[in-house]
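Dear colleague,

I am pleased to hand over the structure below for your consideration. My findings follow directly after it.

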Amino acid sequence: MRPVTLRTRYGTALVVSGPSGTGKTSVCKKLLGRDESLHFSVSCTTRPARQGEEDGKDYYFLSRDEFTQRIREGAFIEFAEVHGNYYGTLRREVEQYVLNGEDVLLDIDVQGAREIRNEIFNTVLGYCTVYAYVGPPSFDEMERRLRGRGTDDEEVIARRLENAVNELKAWREYDYMVINDDLDEAVANLNSILKAAQFMTARYSVSPWQQNSEE
Ligand code: 5GP
């Protein structure tokens, strides 16, 4: 039996969504930290960088003009307005990994995930993408975590809560549910989802025993 080469095997795109206040970002960061072969899809955004964030690592920070230019060029698989700012996923960012047999994590909101699902339906990328929802253990806990950030005024919190409640309604659109009660457990569960996804038959462009034509 010939060994399977990377060229016959695609990577996995793991889309992770969930309302603010679920600890989704912490879960994603921790998984990325423990699995060096997992890449992060760096999105474009028009929101200003927060303290400690790096351009090209956390986001590509763009002006509105630069962002709309990218829209015109068709560079995004999806883009959405979240909390008054634009966010978008670059097609090349995801494809460069998946088509090369590598895995990539996308931390995007519910609207973005919906758009991606439609955009890549029935394509190689579509077969290689799985959707996981990170949910809070309870509504009260989500509110507590949202307030716990402490930096925002009531109006901002109220808007976040309203968004969060709307985002919660979308849970059924996802393949997997990870309740973030205990951070380490949530990370382990998301990792299991990724591992299982790596073994889907859809990852093979040809049968694992067939030689690639270029070999
Ligand atoms: P933050 O500004 O806190 O980094 O992110 C705010 C929200 O935007 C989060 O829910 C995050 O998942 C979402 N987000 C980040 N990047 C993208 C993207 O490329 N597309 C979409 N649709 N949402 C994104």
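Asn 122 is exposed, with a relative accessible area of 53%; the residue counts as exposed because this value is over the 50% cut-off. The model is a predicted one, and in it Asn 122 sits in the loop between helix H4 (110-119) and helix H5 (124-127). Although Asn 122 is not a glycine, its phi is positive, at about 65°.

A second positive phi concerns the hairpin formed by strands S5 and S6. Two residues lie between these strands, and in this hairpin His 83 takes a positive phi near 50°. Strand S5 covers residues 76-82 and runs antiparallel to S6, to which six bridges join it.

How many of the residues of strand S6 are buried? Six of the six, spanning residues 85-90, are buried, so the strand is largely enclosed by the rest of the structure. Both of its faces are covered. On one side the buried residues are Asn 85, Tyr 87 and Thr 89, while Tyr 86, Gly 88 and Leu 90 are buried on the other.

S6 also pairs with strand S3 (residues 43-45), again in the antiparallel sense, over two bridges. In this pairing, Cys 44 stands opposite Gly 88 of S6.

I would draw your attention to Glu 78, which belongs to strand S5 and stands opposite Thr 89 in S6. What is the nearest side chain of opposite charge to this buried residue? It is that of Lys 24, 11 Å away, and Glu 78 has no salt bridge. The absence of a salt bridge with Lys 24 follows because such a bridge requires a side-chain nitrogen of Lys or Arg within 4 Å of a carboxyl oxygen of Asp or Glu. The side chain of Glu 78 does, however, make a polar contact of 2.5 Å with the side chain of Thr 89. Thr 89 is itself among the buried residues of S6.

The last item concerns the surface. Trp 171, Met 177 and Ile 179 make a nonpolar patch of about 280 Å². Of these residues, Met 177 is located in strand S9 (residues 176-179). Is Met 177 buried, partly exposed or exposed? Its relative accessible area is 39%, and Met 177 is therefore partly exposed, since that class lies between the limits of 20% and 50%.

Yours sincerely

Terms used: Residues numbered from 1 in each chain as written. Predicted model: local features only at pLDDT ≥ 70, side-chain atom pairs only at ≥ 80, totals over all residues. Heavy atoms only, no water. Buried < 20%, exposed > 50% of the residue type's maximum accessible area, 1.4 Å probe, protein only. Helix = DSSP H or I, 4+ residues; strand = E, 2+ residues; numbered from the N terminus. Pairing = 2+ DSSP bridges. Patch = residues over 30% accessible without salt bridge, like charges linked within 9 Å, V, L, I, M, F, W, Y side chains within 5 Å. Areas by Shrake-Rupley, 256 points an atom, 1.4 Å probe, with all protein chains shown as cover. Lys, Arg positive; Asp, Glu negative; His and termini not counted. Polar contact = N/O pair within 3.5 Å; in protein donor to acceptor, adjacent residues only side chain to side chain.
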